[in-house]
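User: Take me through one part of this structure up close, please. I'd like the strand pairing first, and then whatever the aromatic side chains are up to.

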Amino acid sequence: VQLVESGGGLVQAGGSLRLSCAASESIFSFNAMGWYRQAPGKLRELVADITSDGVTTYSGSVKGRFTISRDNAKNTVYLQMNSLKPEDTAIYYCKSRRAGLGYWGQGTQVTVSS
């Protein structure tokens, strides 16, 4: 399984970015897909998750600002990030889960300037 993230970059506080995670196979085969992030010196944390049934979960710090979605036809999961804050600065990783196994992408850097 290969996951390729894209869409990261540098943005000013209050701005928006949309991250994409393209999978090498049908995302129908995954129980869930999610976005995680890791800031320097911090542990990797869950940002948002979406199940194969479309049920979404968000961390409290992004709820109301970020939206996770999936396009099954394109085998892609998105993370729309609005009202970005400097504390959102991190490497963002895509993860898929299937049968108890997890698969990670290589990550994409998001930097929010104040």
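Analyst: Let's start with strand β3 and strand β8 (residues 76–81): six bridges join them, and the two run antiparallel. Keep in mind that this is a predicted model. To pin down one contact in that pairing, look at arginine 18, whose bridge partner in β8 is glutamine 80. β3 has another partner too: four bridges join it to strand β1 (residues 3–6), and this pairing is also antiparallel. There, leucine 3 stands opposite alanine 23 of β3. As for how covered β3 (residues 17–23) is, five of its seven residues are buried, so the rest of the structure largely encloses this strand.

Now for the rings. The structure holds two aromatic pairs. One of them brings together tyrosine 36 and tryptophan 104, with ring centres 5.0 Å apart and planes at 65°; that makes the pair edge-to-face, because the angle is over 60 degrees. Tyrosine 36 belongs to strand β4 (residues 32–38) and tryptophan 104 to strand β10 (residues 101–104), so this contact ties together parts that sit 68 residues apart in sequence. The two partners also differ in burial class: tyrosine 36 has 14% relative accessibility and therefore counts as buried, whereas tryptophan 104, at 36%, counts as partly exposed.

Tryptophan 104 pairs with tyrosine 93 as well, again edge-to-face, at 6.3 Å centre to centre and with 90° between the planes. Since tyrosine 93 lies in strand β9 (residues 90–98) and tryptophan 104 in β10, the pair ties together parts that are 11 residues apart in sequence. At 12% relative accessibility, under the 20% cut-off, tyrosine 93 counts as buried. Put the rings together and you get one aromatic cluster made of Tyr36, Tyr93 and Trp104.

There's a charged side chain to add to that picture, and it's arginine 44. It lies over the face of tyrosine 93, 3.7 Å from the ring centre. Arginine 44 also lies over the face of tryptophan 104, this time at 4.6 Å from the ring centre. If you're inspecting the cluster on screen, tryptophan 104 is a handy place to begin: its ring pairs edge-to-face with tyrosine 36 and with tyrosine 93, and arginine 44 lies over its face.

How values were computed. Residues are numbered from 1 along each chain as its sequence is written. This is a predicted model: local features need pLDDT of at least 70, side-chain atom pairs count only at pLDDT 80 or more; totals for chains, interfaces and linings use all residues. Side-chain values use heavy atoms; hydrogens and water are left out. Rings of Phe, Tyr and Trp (its six-membered ring) pair if their centres lie within 6.5 Å; planes under 30 degrees apart count as stacked, over 60 as edge-to-face and the rest as tilted. Buried means under 20% relative accessible area, exposed over 50%, partly exposed in between (1.4 Å probe, protein chains only). A charge sits over a ring if NZ of Lys or CZ of Arg is within 6 Å of the ring centre and within 35 degrees of the ring normal. Two strands pair if DSSP finds at least two bridges between them.
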